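Me: Let us go through this fold one question at a time, with the terms defined as they arise.

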Amino acid sequence: MQSGSFVEVDSEKQANCSGECKIQQCIFGEDLPCKALFENMFNGFAYCKIITDEKNEPVDFKYIMVNDSFERLTGLKKADVVGKTVTEAIKGIKEVHPELLDIYGRVALTGKKEQFEVYFKPLDIWLLISAYCPKKGYFSVVFDNITEQKQVEEKLEEYSRGLEYTVAARTRELSEVNDRLVKAERFAAIGELAGMVGHDLRNPLTAIKNAVYYVDRKQGVSMDAKTKEMFKVINSSINHANKIIDNLLEYSKEISLEIEEATPKSLLDYILLMVQIPDHIKIRDRTQDQPTIWVDSNKMERVFINLIKNAIDAMPEKGTLEVRSRQIGENIEFTFTDTGIGMSEQTKSKLFMPLFTTKAQGMGFGLAICKRIVEAHGGKISVESTLGKGTTFAVTIPVEQKLKVKGNGYNFS
Ligand SMILES: Nc1ncnc2c1ncn2[C@@H]1O[C@H](COP(=O)(O)OP(=O)(O)OP(=O)(O)O)[C@@H](O)[C@H]1O
Ligand SMILES: [Mg+2]
């Protein structure tokens, strides 16, 4: 009655078996090589009988034989399991792993083999288990402790998740840098073009201005009032066009800084002397005379003058402008807070674009130039504004400048 390497076990014969040697003899018969194989194999091995209830449902199983590797891999002693049911040998097993009894019951009762991985909670190990049926009502399991392999897999998965995250983050950064580069290149090209157009417009404008002057001088006395009015319009339009060209050239030329020592207060004091503050505007100067900063004072003054002028324009009736300075780490932050008309989201989104203005007499170059100057200092300019309530511009620049001397001026890396 031989099936594979097993001797079909006669239940009666087995029931009379006692002692490990005898049990093994029942299972392997006289097949000594086979017996030696199971004793010496690296995999754990257990031969068990399924125990069913009156409805033939599996409720427990009994260990009939286990090999040395079973002991080594599970840490359970042969003497504590052989001849015992699993519920006796491993307390709480049914509650923790009810699925095992289902699987072994299926294998022992249907004869179909199954293979699965399980994290075996009572022993805190991962097992790869192959279960098959040598005889109806019995099952054998061959298993391996795959805890280390599982830990490596988990680590790998963790690394791969981390890697995926890092790759996604880097890809995002790269695409942002790329967008910025494309934008910067476009702006540089537009800037260069604007500079050239501005330059080229200068000569014809000067020619027009001279021609107008000539005609005005020649015909001045005999001109009627309407024509005189028209000449005034031509002259002021030429001046306006010239200012636009000045701004265009200023905006498009490379910025080189002449760095000198200053303090937040010294910059503001000078500006407040230069700018005429209307009577209906109250200025609160909260700038500090610390720390000493290194800036191109002329250029930073231009930035602050434009911010102050904008704030004044935003408070046509009355209002307060507060200027503050404070050191944040290696940077100095200036804030200009007005109680003016504020701005819409649409205005905010176009604020730093050249030629954007909402003012009848505005050029729309103020903030665009401010941004260039602040960025040339390695700084940032930002805005917060609420329509009808007011606006705060914040200018942050490093206290110290990393200088690279180029020609007569300084260029920044
Ligand atoms: N403090 C502020 N409050 C409300 N709106 C502001 C403020 N500062 C700037 N703006 C808005 O931003 C626009 C652009 O300002 P920017 O200084 O660049 O140009 P401008 O003042 O219009 O003209 P320019 O400064 O060239 O004479 C302004 O026209 C205005 O609509
Ligand atoms: Mg302005």
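Me: At which residue of α9 does the kink lie?

Reply: This is a predicted model, in which local features need pLDDT of at least 70 and side-chain atom pairs count only at pLDDT 80 or more, while totals for chains, interfaces and linings use all residues. Residues are numbered from 1 along each chain as its sequence is written, chains are lettered from A and ligands numbered from 1 in the order in which they are written, and side-chain values use heavy atoms, leaving out hydrogens and water. With helices (H or I, at least four residues) and strands (E, at least two) taken as DSSP runs numbered from the N terminus, and the bend as the angle between axes fitted to the seven residues ending at a residue and the seven starting there, the kink of about 25 degrees, shortly before proline 204, lies at arginine 202.

Me: Why is one side of β4 and of β5 left without a neighbour in the sheet?

Reply: Five antiparallel strands form an open sheet in the order β4-β3-β7-β6-β5, where pairing requires at least two DSSP bridges. One side of each is free because β4 (58–66) and β5 stand at the edges, each with a single partner strand.

Me: Which strands of the sheet does α9 touch?

Reply: Contact here means heavy atoms within 4.5 Å. Helix α9, residues 147–219, packs on the sheet, and its direction makes about 120 degrees with that of β6, where axes are lines fitted to C-alpha atoms, for helices over the stretch in contact, and angles run from 0 to 180 degrees between N-to-C directions. The strands touched by α9 are β5, β6 and β7.
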